[in-house]
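Work through the exercises below with the sequence and the coordinates open. Each task is followed by a solution in steps.

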Amino acid sequence: MENVQTPSNVPTYGAIKRQSTDNCPTCRGIGRIPRGHDQLVAVIPCNDVRLRPRRTKLYVCISMVVCLFLCCLILFFLFPRSVTLAPVSVLSVMVYFTPDAVDMEVTNLINVTNENFVPVQIVEFSVQGLISSAVVGTSKFTNVTTMQGRSQKSVTFKIDLPVTDGGLNTYCKSTTIKIHTLFLELQMKMNISYLSHTEQLSLDTFEYIDCGTNSTIPHPVR
C-alpha cells in the first residue's frame with residue numbers, strides 16, 4: 001500500500017457535520033482511492049452543491065397548492081345540495097260505491113330531483129289526504145327507491161280515500177249531477193338519507209277529482 005500525500009489544494013473528505021473530524025474511512029480524507037482497493041465507492045466532498053437542498057420553497061408551495069386544490073374539489077362534490085319534490089299529475093281515480101260510503105283509489109305522480117353528486121336513498125314516504133280540511137285517508141311507503149347523483153326520478157303512489165260523510169256520500173252518488181268534483185289536498189312527507197345525513201322533505205298539493213265515476217285520464221296538479 002503506497003503512502004499518498006494530501007495536497008493543500010485538495011478538499012478534505014470527511015463527515016458532513018462540521019463538528020465531526022472523522023475522515024472518510026475509504027480514502028482517509030485525501031479524495032482518492034489507493035491502489036489495490038477492489039471496492040468501488042463514490043466520494044463526494046462536504047462542500048459539494050449536490051448535498052444542499054435545492055428549490056425547497058418551490059416544492060413546498062407546489063405541495064400546498066395541490067393539497068388546497070384537492071380539498072376544494074372534495075368539498076365541491078360532497079357539499080350537500082337540495083332534493084326537491086314536484087307534483088306532476090293525477091293519473092287515475094277509481095271509485096267504488098258501498099251502501100254507507102264512497103271508496104276512492106287515487107293514483108298520483110310526482111318528480112323527485114336530486115341535485116347532489118352522491119346517491120340519495122328515499123327511506124320513507126307518507127301521504128295524507130284531506131277533503132274539506134278533514135283527513136279521509138293516509139298511506140305510508142318504506143324503502144321506496146335510491147336515486148343516483150344529479151338525476152330525476154318519477155314516483156307513483158296510490159292513496160285510498162273512503163268518504164263516509166253523509167253529505168259528501170249523497171253528493172257523489174247523485175245521478176242528477178254530471179260531474180262530482182271534489183278538491184283534494186295531499187300533504188306529503190319524504191325522509192331521505194345521504195352522506196350519513198337524514199333530511200325530511202314536505203309538499204302540499206291541491207287537486208280536483210271526480211268522486212262520481214272512474215277516471216283514467218291524467219290531469220295536472222296545482
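**Exercise 1. The cysteines**

Task: In this predicted model, decide whether Cys-172 and Cys-211 are buried or exposed, and determine which residues the disulfide joins.

Solution.
Step 1. Cys-172 and Cys-211 are both buried, that is, each has under 20% relative accessible area.
Step 2. The sulfur atoms of Cys-172 and Cys-211 are 2.1 Å apart. The cut-off for a disulfide is 2.5 Å, and Cys-172 is joined to Cys-211 by such a bond. The count for the model is one disulfide.
Step 3. The torsion about the S-S bond of Cys-172 and Cys-211 is about -100°, so this disulfide is left-handed.
Step 4. Helix H2 holds Cys-172, while Cys-211 sits in the loop between S7 and strand S8 (219-220), so the bond ties together parts that are 39 residues apart in sequence.

Task: Explain why the sulfur of Cys-72 has no bond to the closest cysteine sulfur, and state how far the nearest cysteine sulfur is from that of Cys-71.

Solution.
Step 1. For Cys-72 the closest cysteine sulfur is in Cys-71, and because the separation is 6.9 Å, the two are too far apart for a bond.
Step 2. For Cys-71 the nearest cysteine sulfur belongs to Cys-67, 6.6 Å away, and Cys-71 is in no disulfide.
Step 3. Cys-71 has a relative accessible area of 46% and is partly exposed. Cys-72, at 44% relative accessibility, is also partly exposed.

**Exercise 2. The sheet**

Task: Give the strand order of the four-stranded open sheet and the sense of its pairing, then go through the pairs.

Solution.
Step 1. The order is S4-S3-S6-S7, with antiparallel pairing.
Step 2. Strand S4 (134-147) and strand S7 (197-210) are the edge strands, each paired on one side only. From one strand to the next the twist averages 15°.
Step 3. S3, which covers residues 120-131, is joined to S4 by eleven bridges. Within this pairing, Gly-129 has Gly-137 of S4 as its bridge partner.
Step 4. Ten bridges pair S3 with S6 in the antiparallel sense. Here Phe-125 stands opposite Met-190 of S6.
Step 5. S6 and S7 are paired over 14 bridges, again antiparallel. Glu-199 in S7 is the bridge partner of Ile-192.

**Exercise 3. The nonpolar core**

Task: State how many residues the largest nonpolar core has, and find which element supplies the largest share.

Solution.
Step 1. The largest core contains 37 residues. Among those with the most contacts inside it are Met-104, Ile-131, Leu-182, Met-190 and Ile-192.
Step 2. At least two core residues come from each of strand S1 (83-97), strand S2 (102-114), S3, S4, strand S5 (151-163), helix H2 (166-173), strand S6 (181-194) and S7.
Step 3. S6 gives the largest share, seven residues.
Step 4. Take Ile-131 as a test case. Leaving aside residues up to four places away in sequence, Ile-131 touches Met-104, Val-136, Val-163, Leu-168, Leu-182, Phe-183 and Leu-184.
Step 5. Met-190 and Ile-192 link this exercise to the previous one. Met-190 belongs to the set with the most core contacts and stands opposite Phe-125; Ile-192 belongs to that set as well and has Glu-199 as its bridge partner.

**Exercise 4. Loops and positive phi**

Task: Locate Ser-132, Ser-196 and Thr-176, and describe the backbone or side chain at each.

Solution.
Step 1. Ser-132 is in the loop between S3 and S4. Although not a glycine, Ser-132 has a positive phi of about 55°. With a relative accessible area of 64%, Ser-132 is exposed.
Step 2. Ser-196 is in the loop between S6 and S7. Its phi is positive too, about 60°, and Ser-196 is not a glycine. The relative accessible area of Ser-196 is 82%, so this residue counts as exposed.
Step 3. The hairpin of S6 and S7 has two residues between its strands, and Leu-195 in the turn has a positive phi of about 55°.
Step 4. Thr-176 is in the loop between H2 and S6. Its relative accessibility is 71%, so Thr-176 is exposed. The side chains of Thr-176 and Ser-174 are joined by a polar contact of 3.0 Å.

Note on methods:
Residues are numbered from 1 along each chain as its sequence is written. This is a predicted model: local features need pLDDT of at least 70, side-chain atom pairs count only at pLDDT 80 or more; totals for chains, interfaces and linings use all residues. Side-chain values use heavy atoms; hydrogens and water are left out. Two strands pair if DSSP finds at least two bridges between them. Axes are lines fitted to C-alpha atoms, for helices over the stretch in contact, and angles run from 0 to 180 degrees between N-to-C directions. A nonpolar core is a set of buried Ala, Val, Leu, Ile, Met, Phe, Trp, Tyr and Cys residues joined through side-chain atoms within 4.5 Å. Buried means under 20% relative accessible area, exposed over 50%, partly exposed in between (1.4 Å probe, protein chains only). Contact means heavy atoms within 4.5 Å. A polar contact is a pair of N or O atoms within 3.5 Å; within protein, one must be able to donate a hydrogen and the other to accept it, and residues adjacent in sequence count only if both atoms are side-chain atoms.
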